[in-house]
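User: I've got a chain here and want to know what backs up the labels people put on it. Can you walk me through them?

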Amino acid sequence: MKNIFHPQITQELIDRINELTPETTPRWGIMRVDQMMAHCSVAYEMAYTDKHAKPNAFMRFILKIFVKNSVVGDKPYPRNGRTAPAFIIEERRDFETEKALLIGYLEKTRDLGISYFEGKESLSFGPLTAQEWNTLFYKHLDHHLTQFGV
């Protein structure tokens, strides 16, 4: 797994995002490119904002037992996999706005660095290691950039 906290890897991801256009179409799935970028930003919103509600204790237990390993483990996501309701973006979004937000989150993550994320609590999974945060962020974004051919 590449290290999203490394400036070179962050720049690689930004370069891939910059290859997207409003007309870029997915290789699989039904999201449009603007929806995909908004979808990818949700993981960062959950880490940096209070925009999303914390699941109750029972739901967090279920998420830790049944979902956590697929999110923070090395195994790639399958195509057309299920997603959590908070990550579903039904309405169209402004391409340039979503692109700027996603790149901003990548830059913020790079700038805060590994030490900020070591032991940082996830809304869904509780405290995670910096490596788990790296996997969560990188694997998800790489999956969707690959979905859109960049």
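Analyst: Sure. From the N terminus, the elements of the protein chain go α-α-α-α-α-β-β-α. This is a predicted model, where local features need pLDDT of at least 70, side-chain atom pairs count only at pLDDT 80 or more, and totals for chains, interfaces and linings use all residues. Residues are numbered from 1 along each chain as its sequence is written, and side-chain values use heavy atoms, with hydrogens and water left out.

User: How do you know how many helices and strands the protein chain has?

Analyst: Helices are DSSP runs of H or I with at least four residues, and strands are E runs of at least two, numbered from the N terminus. By that rule the protein chain comes to 6 helices and 2 strands.

User: What makes the radius of gyration of the protein chain agree or disagree with a compact globule?

Analyst: The radius is taken over C-alpha atoms, and the globule rule is 2.2 Å times the number of residues to the power 0.38. With 150 residues, that rule gives a value near 15 Å; the protein chain has 15 Å, so the two agree. The C-alpha trace spans about 40 × 30 × 30 Å along its principal axes.

User: Why do Phe61, Ile65 and Phe66 count as a nonpolar patch?

Analyst: Patch residues need over 30% relative accessible area (Shrake-Rupley, 1.4 Å probe) and no salt bridge (Lys or Arg side-chain nitrogen within 4 Å of an Asp or Glu carboxyl oxygen), and nonpolar side chains (Val, Leu, Ile, Met, Phe, Trp, Tyr) are joined within 5 Å. Phe61, Ile65 and Phe66 form such a patch on the surface, together exposing about 370 Å² of accessible area. Phe61 itself lies in helix α3.

How values were computed. Patches are made of residues with over 30% relative accessible area and no salt bridge: like charges are joined within 9 Å, nonpolar side chains (Val, Leu, Ile, Met, Phe, Trp, Tyr) within 5 Å.
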